[in-house]
Amino acid sequence: MNDLALLLSPEGRALLDEVRDTEPAQELAVATRLRRDHPAELVSAALGQARLRQRAVAKFGAEDAGRMFFTPHGVEQSTRASVAAYRAGRLRELGVASVADLCCGIGGDAIAMARAGIRVLAVDRDPVTVAVARANAEALGLAGLIEVREADVTEVDTAGYDAVFVDPARRGGRGRVFDPEAYSPPLSWAVGTALAAPRAALKIAPGIPHEVIPAAAEAEWISDGGDVKEAVLWFGTGAPGAVRATLLPGPRTLPGRGLPDPAVRPVGRYLYEPDGAVIRAHLVAEVAEEVGGGLLDPTIAYVTADEPRSTPYATGYEITDRLPFNVKKLKALLREREVGTLTVKKRGSAVEPEELRRKVRPHGPNAATVFLTRVAGAPTMLIGRPLG
């Protein structure tokens, strides 16, 4: 809290601007120089904040990250701005004009909702986090739309708001928490709060078991740039029990249609690797139908087909070779093809990509992708190249 107060002073803001682009290797020399004219505590706080802002660029972009304030936990746990903006846009499309943002953290989601024109009550129980969220609302010119309150979220009256958004803490003293009832607050409390509101969105871990998802919720898995970022349980959308996968940028949304599992079939000329959000949402069957394909193995989410078809929900590859798992044969084939750039993907294999790459020592001007997987239960290597 004291560090933030120092940084919000005129001297602190000027110092933040001065150390903005300091590289880690330069910190000691910069700190030594600045301590001649500034208090040591302020110099340390400014350099620490500059380091956090540099880390935050990947989530918030250079412009916002350069104006916002962060804590180490806040940078790690905050929602990526593109994902928060998508979710805020969906709330706005649902007619939401006011949201109680419970467990607001440093305010990333509140910022996205305010920018969508939504009035936000942002609540957190940690005083430092609350101070940072308030500073961020002011730094980005959104204080008129965001009220930040220090309180226990379980004691906040949300009756006057169109929707609630809950982002429970999913880390404890020993690291990541996988049991939804070990979230803080527990998922059961968040679901009860959601059911009592006109509309709600609960941010949860993408690995949540489907069987614990309430029947009243619409479940959505979101990826950004191919990386699965989160799952959201939506309430009040008029689609209880629905499942969807959304890919950013776009957005492109694949709705579940309740299809049966795809049939297992022989390896075709083309292989499709579904996006991680599609896999988490259990919508591989929808992708298989789009590309006219089936599974290589009943337990593995690789789709094989005989024709090339374009889909935004999977990456396609043309398969040139199929081998039983054998490192020597793979090495010989790659040497023959003069493959120097080797991408290794695996699903259903215990072999580590870096270990395989080290053993085959690719060398040459060409590129290839090898899939370590199972076909009809047998360890198999499929070699190919991306479509397009």
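## The largest pocket

Three helices, α5 (72-77), α7 (108-115) and α8 (127-139), each supply at least two residues of the lining of the largest pocket. Among the helices and strands, α5 gives the most, with three residues. This is a predicted model, so please read everything here as a description of a prediction.

The space inside the largest pocket comes to about 640 Å³. Its lining is made of 31 residues, and the closest to the pocket's centre are His 73, Cys 103, Gly 105, Asp 124 and Ala 169. Sorted by class, the lining holds 10 nonpolar, 12 polar and nine charged residues. Why can empty space like this be found at all? Rolling a probe the size of a water molecule over the atoms shows where empty space is left.

## The nine-stranded sheet

Next, find the open sheet of nine strands, whose order is β3-β2-β1-β4-β7-β9-β8-β10-β11 and whose pairing is mixed. At its edges are β3 (146-150) and β11 (252-255), each of which pairs on one side only. From one strand to the next, the twist averages 20°. As a reminder, strands of a sheet pair through backbone hydrogen bonds, either parallel or antiparallel.

One pair to look at is β4 (residues 163-166) and β7 (residues 199-204), which run parallel and are joined by four bridges. Which residue of β7 is the bridge partner of Val 164? The partner is Ala 200.

Helix α9 (residues 187-195) lies across part of this sheet: β1 (98-102), β4, β7 and β9 (227-235). The helix runs at about 160° to β7.

## A covered helix

Is helix α11 (residues 284-291) mostly covered or mostly uncovered? Mostly covered: six of its eight residues are buried. The buried ones are Val 284, Ala 285, Glu 286, Val 287, Ala 288 and Val 291.

Several elements help to cover these buried residues of α11, including the edge strand β11, β12 (270-274), the helix α10 (276-280), β13 (294-297), β14 (300-305) and β15 (314-324). Just after α11 comes Gly 292, with a positive phi of about 65°.

## Backbone details to look for

Most residues other than glycine have a negative phi, and most peptide bonds are trans. With that in mind, here are some spots in the backbone worth finding.

Two of them are cis peptide bonds. The bond from Ser 184 to Pro 185 is cis, with omega near 0°, and Pro 185 sits in the loop between β6 (175-176) and α9. Gly 250 and Pro 251 are also joined by a cis peptide bond, where omega is about -10°. Pro 251 belongs to the loop between β10 (243-248) and β11.

Positive phi values also turn up in residues other than glycine. Arg 361 has a phi near 45° and lies in the loop between α13 (353-360) and β17 (366-375). Because its relative accessibility is 60% and exposed means over 50%, Arg 361 counts as exposed. For Ala 376, phi is near 55°, and the residue is found in the loop between β17 and β18 (378-386). Ala 376 is exposed too, with a relative accessible area of 70%.

Terms used. Residues are numbered from 1 along each chain as its sequence is written. This is a predicted model: local features need pLDDT of at least 70, side-chain atom pairs count only at pLDDT 80 or more; totals for chains, interfaces and linings use all residues. Side-chain values use heavy atoms; hydrogens and water are left out. Two strands pair if DSSP finds at least two bridges between them. Axes are lines fitted to C-alpha atoms, for helices over the stretch in contact, and angles run from 0 to 180 degrees between N-to-C directions. Contact means heavy atoms within 4.5 Å. On a 1 Å grid over the protein atoms alone, a cavity is a set of points where a 1.4 Å probe fits but cannot get out, and a pocket is an open set with protein on both sides within 12 Å along at least five of seven lines; lining residues have an atom within 4 Å of a point. Grid points are joined across faces, edges and corners, and a volume is the space filled by probe spheres set on the points. Ala, Val, Leu, Ile, Met, Phe, Trp, Tyr, Cys and Pro count as nonpolar, Asp, Glu, Lys and Arg as charged, and the others, Gly among them, as polar. Buried means under 20% relative accessible area, exposed over 50%, partly exposed in between (1.4 Å probe, protein chains only).
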